[in-house]
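Please look over the chain shown below before reading on, and keep it in view while the text moves from the whole to its parts.

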Amino acid sequence: MQGKELNFKVNLTYGDDNIQDDGFGSLLQLMFVFFGVIMPIIGVIGIIGNILTGIVLFRREMRSTTVYFLRTLLITDSGIILGAIMGVSIISITQLDSKELLFNDVIYPHIFTPINYFVMALQTLNVWTTVAVTVERYIAICLPFKSINICNRRNAYIMIGITTLLSVVYNIPRCFATGFTTCGDRCYMVITTDFGKSYFYTTVYSEWLYTILIYVIPLLMLGVLNTLLIKELMRMRKRRSVTNTKENTEFNLGIVLVIIVVVFIICQTPGLVAQFYFLDADFLMQWTCVSNTLFVLNSSVNFIIYTAVGKKFRTVLLKIITKCLCGSGASSNIDREVTSLTTIKETYVSGVTCDELSALTTGD
């Protein structure tokens, strides 16, 4: 089994050695625990959370440029979860049953290459969308005067489109690195092609480019930008008593993104460690179980972050839940209350007197 990249080939090889033939029973059990039990539980919770997140983020009132990037992250996160369960979890369960032949010997060899390409392309898009939204937040918060011309819907769509295209094209070599061949009647096995064994693919593409483009550059950029964002957010917090509603909104969005990036760095860093050869082969396999599970965890926790920290997200979510449970009348009342509170806050910041504020709230 290769320790490089997100590893789907859990039941086949490590280099040229067959796991099942070399007595790696304990390793298969470890994979079952992480990939067959923990990962699906995390994934199911993540999918439910992502569905709720999508219901909120795709509503008409969620229209900031940051939301366009967050929608892209939502789609890639959901795809990564589903792909990981299809490509890792199921085979980790079925490979322990020697009588399970349909999935192990027929279905899995046929879906391995497309699922591997699908998830790796989504990972690339997910990583660079995280970088893009961090850059967008940095410009909006740290360079507010320049953000007027840079942080708009058109540029967001262009950036998302370019990132998507590059992610799709960059991962095309994976389609030609593996395949399948027959090993008997209704029996197939995943194989590495000649191209997959070439120096370019194994060393230049899978090691150097993957490590640099998916880990080193993004993590360095996110670390630097996140540090600058945190410093600026701390300054904003000191002057929040005299700021306007727009600055408070930018502050809250900034906090949400900082937490998302911190979680991203924590979950992705173990994968970076797995790219180096100094780890013992057995330990590398165990480390891969942890890093791949964290990879799926990273795609499953954003709903919790949005709900815990995102004020507007909570407001819209509460509106949706109330509408579903109590009807549209209660939802309209919430809208009026939120609008009233926003008006009061903006008027107070503008310097309205106490008497005028009292009149505003009583409707006199």
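Cysteine 183 is partly exposed, because its relative accessible area is 40%, a value that lies between the limits of 20% for buried and 50% for exposed residues. The model that shows this is a predicted one, and every value that follows is computed from it. Cysteine 183 is joined by a disulfide to cysteine 187, with an S to S distance of 2.0 Å, and the structure holds one such link. The angle about the S-S bond is -75°, and the link of cysteine 183 and cysteine 187 is left-handed. The partner, cysteine 187, counts as buried, because its relative accessibility is 16%. Two further cysteines can be set beside this pair: cysteine 267 is buried, with a relative accessible area of 6%, whereas cysteine 324 counts as exposed at 65%.

With these cysteines placed, the chain as a whole can be described. Its secondary structure comes to 13 helices and four strands, and of its 364 residues 47% count as buried. The protein chain exposes about 18400 Å², of which carbon and sulfur atoms supply 67%. Among the contacts with a separation of 6 or more, 73% are between residues 24 or more positions apart.

One place where distant parts of the chain meet is around tyrosine 68, which lies in helix H2, made of residues 65–94. Tyrosine 68 and tyrosine 157 are 89 residues apart along the chain, yet their C-alpha atoms are separated by 7.7 Å. Leaving aside residues up to four places away in sequence, tyrosine 68 touches Arg63, Arg153, Ala156, Tyr157 and Ile160. Tyrosine 68 counts as buried, because its relative accessibility is 7%.

Helix H5, residues 153–170, leads from there to the surface, since this helix gives the most to a nonpolar patch, with three residues. The patch covers about 620 Å² and is made by Leu165, Val168, Val169, Ile172, Phe176, Phe195 and Phe200. Valine 168, one of these residues, lies in helix H5 and counts as partly exposed, because its relative accessibility is 37%.

Charged side chains come next, and a search of the whole structure finds two salt bridges. In one of them glutamate 136 pairs with arginine 137, the closest N and O atoms being 3.1 Å apart, and both glutamate 136 and arginine 137 are buried. In the other, arginine 235 pairs with glutamate 232, with the closest N and O atoms 2.8 Å apart. Arginine 235 and glutamate 232 are separated by about one helical turn, because they are three residues apart in helix H7, residues 199–238. An α-helix has 3.6 residues a turn, so residues three or four places apart point the same way. Arginine 235 counts as partly exposed at 46% relative accessibility, while glutamate 232 counts as buried at 14%.

Helix H9 is the last stop, and its length can be checked against what is expected of a helix. At 1.5 Å a residue, the 18 residues of helix H9, residues 281–298, should span 26 Å, and the end C-alpha atoms are 25 Å apart, which agrees. Which residues of H9 are buried? They are Leu284, Met285, Thr288, Cys289, Ser291, Asn292, Thr293, Phe295, Val296 and Asn298.

Definitions and conventions
Residues numbered from 1 in each chain as written. Predicted model: local features only at pLDDT ≥ 70, side-chain atom pairs only at ≥ 80, totals over all residues. Heavy atoms only, no water. Helix = DSSP H or I, 4+ residues; strand = E, 2+ residues; numbered from the N terminus. Expected span 1.5 Å × (residues − 1). Buried < 20%, exposed > 50% of the residue type's maximum accessible area, 1.4 Å probe, protein only. Patch = residues over 30% accessible without salt bridge, like charges linked within 9 Å, V, L, I, M, F, W, Y side chains within 5 Å. Areas by Shrake-Rupley, 256 points an atom, 1.4 Å probe, with all protein chains shown as cover. Salt bridge = Lys/Arg side-chain N within 4 Å of Asp/Glu carboxyl O. Contact = heavy atoms within 4.5 Å. Disulfide = S-S within 2.5 Å.
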